[in-house]
Amino acid sequence: IGPMKNIYRKFSVRYSRLSYGGDVLTWIGVDNYTVGYELGTALCEALEGTGKVVLIEGTAGNSTSTERVDGYLDAFKNYPGIELLDSQPADFNREKGMTVMENFLRYPEIDGVGSINKDMTMGAIEACKAVGRDKEMVQVTFDVDNDCLDAIDAGDILITGAQEEKSQIANAIYACLLACN
């Protein structure tokens, strides 16, 4: 453990994969672009390549949100029958996700909803249920908790992804140990 005390002085370790200067020892985390791309592809495949979709973004300017949105948008480009009706930020917040979905519900037809994380998705599901439109659209998202798993079991969410934070922590510690030796 002794050499670990000085690791911060030697390296700039950032949560985001974007480096803002300094030497980066390692980056361990989710490839957010790929997350968005795979979720966007899953949504398009579930809709058999045709349909009207909306996208609930995270916080504007946040790298996680930007990268996942870019992935979704690139996936949508591969399906000419997919029409993106709207895309708005909800700041990774359940209540804001509900509000954004309430705004989206002005569209008479929505076949699919993509979301950057499950908190916003849970709010979107609440908004859809409140007006009886929850069964007409496919929802995909990222992150897992008991609410999300229950929503999958209930058929409210088609698919989600998980970050595996414990393995990320273990890999980060291992990388630091390797750097110290």
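Colleague: About what area does the chain expose, and what share of it do carbon and sulfur atoms supply?

Modeller: This is a predicted model, in which local features need pLDDT of at least 70 and side-chain atom pairs count only at pLDDT 80 or more, while totals for chains, interfaces and linings use all residues. Residues are numbered from 1 along each chain as its sequence is written, and side-chain values use heavy atoms, with hydrogens and water left out. Accessible areas come from the Shrake-Rupley method with a 1.4 Å probe, and for residues only the protein chains shown count as cover. On that basis the chain exposes about 9,700 Å², and the share from carbon and sulfur atoms is 53%.

Colleague: How many helices and strands does the chain have?

Modeller: Helices (H or I, at least four residues) and strands (E, at least two) are DSSP runs, numbered from the N terminus. Read from that end, the elements follow the order α-α-β-α-β-α-β-α-β-α-α. The count is seven helices and four strands.

Colleague: What percentage of the 181 residues in the chain is buried?

Modeller: A residue is buried when its relative accessible area is under 20%, exposed when it is over 50%, and partly exposed in between (1.4 Å probe, protein chains only). For the 181 residues of the chain, the buried portion is 42%.

Colleague: Which strand is joined to β1 by eight bridges?

Modeller: Strand β1 covers residues 50-57, and six of its eight residues are buried, so the rest of the structure largely encloses it. Two strands pair if DSSP finds at least two bridges between them. Thr-50 has Gly-81 as its bridge partner. The strand that runs parallel to β1, joined by eight bridges, is β2 (residues 81-89).

Colleague: Is Val-113 buried or exposed?

Modeller: Val-113 belongs to strand β3 (residues 112-115). Leaving aside residues up to four places away in sequence, Val-113 has contacts (heavy atoms within 4.5 Å) with residues including Val-54, Ile-56, Met-101 and Val-140. The C-alpha atoms of Val-113 and Ser-87, 26 residues apart along the chain, are 9.9 Å from each other. With 0% relative accessibility, Val-113 counts as buried.

Colleague: With which residue does Lys-118 form a salt bridge?

Modeller: Lys-118 lies in helix α5 (residues 118-130) and is buried, at 11% relative accessibility. A salt bridge places a side-chain nitrogen of Lys or Arg within 4 Å of a carboxyl oxygen of Asp or Glu. For Lys-118, the closest N and O atoms of the bridge are 2.7 Å apart, and the partner is Asp-145.

Colleague: Where does Asp-145 lie, and how many residues separate this pair?

Modeller: Asp-145 is partly exposed, with 26% relative accessibility. The salt bridge of Lys-118 with Asp-145 links distant parts of the chain, from helix α5 to the loop between β4 (138-140) and α6 (146-153), a separation of 27 residues.

Colleague: Which residues are joined into one network by salt bridges that share partners?

Modeller: The structure holds 12 salt bridges. Asp-156, which is buried at 10% relative accessible area, meets Lys-129 in one of them, at 2.9 Å from N to O. Asp-134 forms another with Lys-135, the closest N and O atoms being 3.9 Å apart. Through shared partners, the network comprises Lys-129, Asp-134, Lys-135 and Asp-156.

Colleague: Which residues make a nonpolar surface patch of about 270 Å²?

Modeller: Patches consist of residues with over 30% relative accessible area and no salt bridge; like charges are joined within 9 Å, and nonpolar side chains (Val, Leu, Ile, Met, Phe, Trp, Tyr) within 5 Å. Leu-177, in helix α7, is partly exposed at 41% relative accessibility. The patch of about 270 Å² is made by Ile-169, Ile-173 and Leu-177.

Colleague: What is the phi of Glu-48?

Modeller: Glu-48 lies in the loop between α2 (32-46) and β1, and is exposed at 73% relative accessibility. Although Glu-48 is not a glycine, its phi is positive, at about 55°.

Colleague: In which loop is Asp-91 found?

Modeller: Asp-91 is a residue other than glycine with a positive phi, near 55°. At 33% relative accessibility, Asp-91 counts as partly exposed. Its place is the loop between β2 and α4 (94-104).
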